[in-house]
2 protein chains.
Amino acid sequence: MERVLADCRSRIGFDLLGNTWNPVVLYALAEGPRRPRELRTEIGGISAKVLTETLRRLEGYALVERRTYAPPSPRVEYALSELGRSFLEPIRALGRWSAEYGDAFVAAQRWDEG
Amino acid sequence: MERVLADCRSRIGFDLLGNTWNPVVLYALAEGPRRPRELRTEIGGISAKVLTETLRRLEGYALVERRTYAPPSPRVEYALSELGRSFLEPIRALGRWSAEYGDAFVAAQRWDEG
């Protein structure tokens, strides 16, 4: 495999993770469509403003779809697009690494040796 | 699995990718120890200053080891630690996603519709 390391297509996945809340919101939609209010409850520590910005950004990336429903039960929901669902795999790979190696990583940090 | 989404251990992997050059330098060390000069050649677009900062940061994270060799062949090399090598898996998962879905992602972008 030709080793292309910087300034190229392989950066897209990494750039998407450049924003802290992108993977968090995508992961929160993994189990199905959610209303903004439900997302805020499920995601600890995200403000309404940041959630709105993140959803709009992810919609612009075509990773999330916004669905509006008319009466009798008018509401707005957000759901993963197919492309968004495909991005759960690297997000989960990072989550697995963090779960498996997080403690070893923290223990190995040399900066707190004063 | 208890769904903990923000401000917790699962953020470590994501935070490591918050810096653009961390995964690039780690990936460049995947095939063995390298001297700084070799890394600069292999990684397109990284300055000596940024490479030095990145290597120092990754060393502080215990993801990279700095090895110095005495005469008859004095040199400095950098290599992945075991922890660093373990982080190649999520980096590769992101690379695979970007390679497989990068074109679809770019094609789906709605912001260039004016």
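**Exercise 1. Find where P72(A) lies, and describe the peptide bond that joins P71(A) and P72(A).**

Step 1. Locate the residue. P72(A) sits in the loop between β1 (64-69) and β2 (75-80) of chain A. Strands here are DSSP runs of E with at least two residues, helices are runs of H or I with at least four residues, and both are numbered from the N terminus.

Step 2. Look at the bond. P71(A) and P72(A) are joined by a cis peptide bond, with omega about 20 degrees.

Step 3. Turn to chain B. There, P72(B) lies in the loop between β1 (64-69) and β2 (75-80), and a cis peptide bond with omega of about 20 degrees joins P71(B) and P72(B).

Before you go on, a word about the model: it is predicted, so local features need pLDDT of at least 70 and side-chain atom pairs count only at pLDDT 80 or more, while totals for chains, interfaces and linings use all residues. Residues are numbered from 1 along each chain as its sequence is written, chains are lettered from A and ligands numbered from 1 in the order in which they are written, and side-chain values use heavy atoms, with hydrogens and water left out.

**Exercise 2. Describe the fold of chain A.**

Step 1. Count the elements. Chain A has 6 helices and 2 strands.

Step 2. Put them in order. Along the sequence, the pattern reads α-α-α-α-β-β-α-α.

Step 3. Ask how much is hidden. Of the 114 residues in chain A, 46% are buried. Buried means under 20% relative accessible area, exposed means over 50%, and partly exposed is in between (1.4 Å probe, protein chains only).

**Exercise 3. Describe how chain A and chain B meet.**

Step 1. Count the residues. In chain A, 51 residues are in contact (heavy atoms within 4.5 Å) with 52 residues of chain B.

Step 2. Find the area. The two chains bury about 4,700 Å² between them, and 67% of it is on carbon and sulfur atoms. This buried area is the accessible area (1.4 Å probe) that two parts lose on being put together, summed over both.

Step 3. See which helices take part. α1 (11-16), α2 (21-28), α4 (48-60), α5 (82-86) and α6 (88-108) of chain A each supply at least two residues of the side that touches chain B. The most comes from α6(A), with 14 residues.

Step 4. Sort that side by residue kind. It divides into 29 nonpolar, 11 polar and 11 charged residues. Here Ala, Val, Leu, Ile, Met, Phe, Trp, Tyr, Cys and Pro count as nonpolar, Asp, Glu, Lys and Arg as charged, and the others, Gly among them, as polar.

**Exercise 4. Work out the surroundings of L83(A) and S98(B).**

Step 1. Place L83(A). This residue is in helix α5 of chain A and is buried, at 11% relative accessibility.

Step 2. List its partners. Leaving aside neighbours within four places in sequence, L83(A) is in contact with residues including A62(A), L63(A), W97(B) and Y101(B). The C-alpha atoms of L83(A) and L63(A) are separated by 5.5 Å, although the two are 20 residues apart along the chain.

Step 3. Follow up A62(A). It is found in the loop between α4 and β1 of chain A, and has a positive phi of about 65 degrees although it is not a glycine. A62(A) is buried too, with a relative accessible area of 7%.

Step 4. Cross to S98(B). This residue is in helix α6 (residues 88-108) of chain B, is buried at 0% relative accessible area, and touches R9(A), S10(A), I12(A) and G13(A), not counting residues up to four places away in sequence.

**Exercise 5. Which residue forms a salt bridge with E53(A), and which with E77(A)?**

Step 1. Recall the rule: a salt bridge is a side-chain nitrogen of Lys or Arg within 4 Å of a carboxyl oxygen of Asp or Glu.

Step 2. Take E53(A). Its side chain meets that of K49(A) at 2.8 Å, N to O. They are 4 residues apart in helix α4 of chain A, so about one helical turn separates them. E53(A) is partly exposed at 37%, whereas K49(A) is exposed at 59%.

Step 3. Take E77(A). Its salt bridge is with R75(A), at 3.1 Å, N to O. E77(A) is buried at 13%, and R75(A) is partly exposed at 23%.
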